[in-house]
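Reader: I have the model open and want to go through its strands, helices and sulfur links. Can we take them in turn?

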Amino acid sequence: MCRSHPAAPDPTPGHLLQNRLRRAATASPPWAVRAAAAPAAGRARRGARLSAAALLALPALALLALPALPPGRGGGDEAQPGSSPPLLLPPGLREELRQRRRDLRRLEAAAGGGEAAATGGLGCGDLSRATAVSVLGWGFTKVVARAALASGGTVALKSVHGAGREVRRCVQRYGVPAGCRRLAAYKLLKEVTLLQRLQHPGIVKLHGQCYDNSGDAELRVTAMLELGSPLEMIQLLQTPWEERFKICLSLVKLLFYLAHSPLGSIVLLDFQPRQFVMVDGNLKVTDMDDASTEELSCKEDNDCTLDFPTKSFPLKCSVVGRCEGINEKKNLFNAYRYFFTYLLPHSAPPTLRPLLSDILNATGDLRYGINETLRAFEKVLHLYKSGLYLQKRPLLLKDYISLKGFRMVEGEDYKCWPSYSHLGCLLSIHSAEEAAAICNSQSQCQSFIVTQQRTWTGRPLASFQSSWTDLIPDTNAVVYIKRSASSGERL
C-alpha cells in the first residue's frame, strides 16, 4: 500500500470550511486531482500531504463531493418541493439511480425505517464546528478525513470521492458529473443505514451524520464514524501469537454476527484487510458499502458454485431458490485466506498447533461453517486461558530462588521473539512454573519476574533478564533467580 507523509491539520472552523467548500463546488480540488492520477487507483491512500487550499476543499467530503438524498427521500431525477429543477439524466444513469434507490429502500424497510433511525448522535451543528480536518485516505468511491470535535474527541468523516474511480467511470459513460456523484452517494447512504442497524463490537460505530440542503439542487451527506488506525498486516505478523489469535477470534465473532444479523445473512463483497481498522487494540470492519443482504438466487445446484481465484466450492440450491449459506461461506473463506493463514499458526504454543491446523484445513476446505469455526476458536481459547495446553513436565520452579519484595531495574536487556517489549524479553505466561520453563530454554536467562501487567486473556506478563544484580524494593513483586546463577553470590 502506498504511503506518503501525514497531512498537516487545518485549523479553520467547520462553518468557514463549509462556506469555502460551497464556493469551490465547481472546481476540482487539488487533492481530488492527485487522487485521480494516483497509480494505485482503488487502493486507499492515507496520510496524503495537502496544501492549505486543498484541505479547505476537503470536507467536500461532507458538503461538496457528496450530492445525495437522505434515506427514504427519492434520488432519481424527480424534483423535490422547493428544490431546483431535476437533472436531465441519460436513460442508463436514470435506471442505475432507480435501482440503487430501490435497493436502499428495501434495506431501510428491513432495518426498520430510514430517517427514524437517524435521530440522535452527532449532526450538522457538530460538523460545522469541527476543526483540524486532515485526509486519512481514499478509495474507489469515498474519501475519509479526520476531524476534531468542538465538544472534544475526534471522528472520521466519510463522504463520496468526487474524483474517485467510480465517479470518473460513470462520467465517462454518461457525461453527467452531478448525477454520477449522486449515484455514488447511494453507496454511502446504504452504509449509513447498515451502521444504524448493525451493532457489534467488530463493526465501527456510527456517531452521526449530516444532511445538508443549502437551497441548491443537490443535498449532501457526511457520515461521522468512530476513528481507527489502518490494519497493518506486516506489523501484526511481528506481534505475539496471543494478539494475533485475538484478531482472528474477533473476526470469527464478527462473521458469526453477520451470518445471524437482524437483517439476515450479510456478505462482505469487498473483503480485504484494508476494509478493517484497529480501535483500542480491537479489530473492526469500517467499510460496509459493498455489504449485501441478498443471497444468490438459483434454480439448481449448478447455479451455486462459489468461485475464488484458486478454489471453487459447489453449494446446494434450497427449496426457496437461494444458494444455501453462500454469504456465510464466502465471508469465512475470505477470512481464511486473508487472515487465518498468516496470523494463526506462527509461534503458536506447540500443543495448540494441531487444533489450529484443523481450523485452517476445515475453513480452507469450507468443511466448517461459522458456527463450527467459532466453537473451535473458543475451545483453543479455553485451553490457552486455563493452562490445559501445557505439557506435563518436571517441575522446574524448585531450581529457582524467590526474593519477595524486590523487582529488577527496568532497562534494555536481551531480546526474544515475539516479545511484548522491544527493549527486552517480555512474554505472556500462565504461571511462574511456565516462566521457569521458558527461562530454562533460553541460554541468556538468569532470572525473571512476573509483572502486574495482564494481556487481554488475563494472563500475566513475565520479564526475563540476563542478570539479577540490579534489584530495587517493591512490596508487590517477586524475583525468581536461577540457583546456578546465584551460587557463590550472597543474596
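Reader: Which residue in β8 stands opposite proline 230?
Author: This is a predicted model. In it, 2 bridges join β6 to strand β8 (residues 276–279), and the two run antiparallel. Within that pairing, the residue of β8 opposite proline 230 is valine 277.

Reader: Which are the edge strands of that sheet?
Author: The sheet is open, has 3 strands in the order β6-β8-β9, and pairs antiparallel. An edge strand here pairs on one side only; that holds for β6 (229–230) and β9 (282–285).

Reader: At what angle does α9 run to β9?
Author: Helix α9 spans 241–259. It lies across β8 and β9. Its angle to β9 is about 40°.

Reader: How many bridges join β2 to β3?
Author: Strand β2 (residues 142–148) has neighbours in β1 and β3. With strand β1 (residues 131–138) it runs antiparallel, joined by 5 bridges. With strand β3 (residues 154–160) it also runs antiparallel, and valine 143 stands opposite serine 159 there. The bridges joining β2 to β3 number 7.

Reader: Which residue in the turn between β2 and β3 has a positive phi?
Author: A hairpin joins β1 to β2 through 3 residues. β2 and β3 form a hairpin too, with 5 residues between them. In that turn a phi of about 105° belongs to glycine 152.

Reader: How many residues of β2 are buried?
Author: In the pairing with β1, alanine 145 of β2 faces valine 135. The strand is mostly covered. Of its 7 residues, the buried ones number 5.

Reader: Are α4 and α7 roughly parallel or roughly antiparallel?
Author: The axes of helix α4 (residues 91–111) and helix α7 (residues 177–197) come within 10 Å. They cross at roughly 10°. Angles under 35 degrees count as roughly parallel. The two helices are therefore roughly parallel.

Reader: Which residues of α4 meet α7?
Author: On the α7 side, the residues met include Leu183, Tyr186, Leu189 and Lys190. On the α4 side they are Leu93, Glu96, Leu97, Arg100, Arg101, Leu104, Leu107, Glu108 and Ala111.

Reader: How far does α11 reach from its first C-alpha to its last?
Author: Helix α11 (residues 353–364) has 12 residues. At 1.5 Å a residue, 16 Å is expected. The model is close to that, at 16 Å.

Reader: Which elements do the buried residues of α11 pack against?
Author: The buried residues are Leu356, Ile359, Leu360, Ala362, Thr363 and Gly364. After the helix comes leucine 366, with a positive phi near 55°. The partners of the buried residues are α9 (241–259), β12 (312–314), α10 (326–343) and α12 (370–386).

Reader: Which residue in β16 stands opposite leucine 426?
Author: Strand β14 (residues 425–428) is covered on both faces. Cys425 and Leu427 lie on one side, Leu426 and Ser428 on the other, and all are buried. β14 pairs antiparallel with strand β16 (residues 460–465) over 4 bridges. Opposite leucine 426 stands serine 463.

Reader: Cysteine 425 is in a disulfide. What is the torsion about its S-S bond?
Author: Its partner is cysteine 416, and the sulfur atoms are 2.0 Å apart. Both cysteines are buried. The disulfide is right-handed because the torsion is about 95°.

Reader: Is the link of cysteine 439 and cysteine 445 right-handed or left-handed?
Author: A disulfide joins these two cysteines, S to S 2.0 Å. Both are buried. The angle about the S-S bond is -100°, making the link left-handed.

Reader: How many residues apart are cysteine 124 and cysteine 210?
Author: They form a disulfide, with sulfur atoms 2.1 Å apart. The link is right-handed, with 105° about the S-S bond. It connects distant parts of the chain, helix α5 (residues 124–128) and strand β4 (residues 206–212), and the separation in residues is 86.

Reader: Is cysteine 210 buried or exposed?
Author: Its partner, cysteine 124, is partly exposed, at 31% relative accessible area. Buried means under 20%. Cysteine 210 has 3% relative accessibility, so the word for it is buried.

Reader: What is the pairing of the bonded cysteines in sequence order?
Author: The whole structure holds 6 disulfides. Numbered along the chain, the bonded cysteines pair 1-4, 2-3, 5-7, 6-8, 9-10, 11-12.

Conventions
Residues numbered from 1 in each chain as written. Predicted model: local features only at pLDDT ≥ 70, side-chain atom pairs only at ≥ 80, totals over all residues. Heavy atoms only, no water. Disulfide = S-S within 2.5 Å. Buried < 20%, exposed > 50% of the residue type's maximum accessible area, 1.4 Å probe, protein only. Expected span 1.5 Å × (residues − 1). Contact = heavy atoms within 4.5 Å. Pairing = 2+ DSSP bridges. Axes fitted to C-alpha atoms, helices over the stretch in contact; angles between N-to-C directions. Parallel < 35°, antiparallel > 145°, perpendicular 65-115°, else oblique.
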